[in-house]
Amino acid sequence: MIIGDFLKALGQIGDARFRRVLGLGIGLTFALLFAIYAIFVTALGLFFPDTVSLPWIGEVTWVDNVISWASIPVMIVLSVFLMVPVASAFTGIFLEQVADAVEDRHYPHLADVPGTSLADGFRDSLAFLGILVVANIAAFALYLLFPPFAPFIFWGMNGFLLGREYFQLVAMRRLGRDRARKLRARHSLTIWLAGGLMAVPLTFPLINLFVPVLGAATFTHLFHRLEGTSAP
């Protein structure tokens, strides 16, 4: 049944609201990563001089250029790890548009819900970003200790985090924060399995950028199935 929820979400990927949230999430992610890179290079320029005098060599004037070029692969590696968490956080801000699109198409009998404020959405998304980044950095130790199990550790951990966050964000639109938390606790294993399904595509470049939107849509279907509000 989780696969069915995912296939319904995948079948709606061409929806204009899906594309809009996807574009906003990716665009804002690239803008933020570019800003981080600019700040990083500027900071390096403040700590390293333009020229350095070396014994027997003399004055070297290309130090800043070498540092600037060396920073590019560093930021590329960091972007690989930060791209999806940042995209997930930005998508979380606009998640309500994805859930609305799913409900308009598949659950038109449901009453409209008051929208979550932008401040609440930003706060929850920022907290989610922090948890994702810290958890994935901490998981490096486990990857090094148990290399053969690294993919399973990655899928299990991120599946838990994605499932927990997306279900909570979707459910509290209709139930409120406390009731959504209780429903999530009752179905924690199902939610974890659904999150694991979302985590597997994270290991594939470019495809992983679709995960936040597909995850929001999948968990909208999952919520209504668990809550018993599916179409009659």
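Buried means under 20% relative accessible area, exposed over 50%, and partly exposed in between (1.4 Å probe, protein chains only). Helices are DSSP runs (H or I, at least four residues), numbered from the N terminus. We're working on a predicted model, where local features need pLDDT of at least 70, side-chain atom pairs count only at pLDDT 80 or more, and totals for chains, interfaces and linings use all residues. Residues count from 1 along each chain as its sequence is written, and side-chain values use heavy atoms, leaving out hydrogens and water.

**Exercise 1.** Find the buried residues of helix α7 (residues 177–186) and work out how they are arranged.

*Solution.* Start with the list: A180, L183 and R184 are buried. Now look down the axis of α7: these residues fall within an arc of 100° (directions from the helix axis to the C-beta atoms), so they line one face. Flip to the face turned away, and you'll meet the exposed D178, K182, A185 and R186. Last, check the cover over the buried residues, counting heavy atoms within 4.5 Å as contact: it includes α6 (150–175), α8 (188–199) and α9 (211–227).

**Exercise 2.** Which parts of the chain does the salt bridge between R173 and D100 tie together?

*Solution.* First the rule: a side-chain nitrogen of Lys or Arg within 4 Å of a carboxyl oxygen of Asp or Glu. R173 and D100 pass, with their closest N and O atoms 2.7 Å apart. Next, place them: R173 sits in helix α6 and D100 in helix α4 (residues 95–106), so the pair joins parts 73 residues apart in sequence. Finally, exposure: R173 is buried at 7%, while D100 is partly exposed at 27%.

Definitions and conventions. Helix = DSSP H or I, 4+ residues; strand = E, 2+ residues; numbered from the N terminus.
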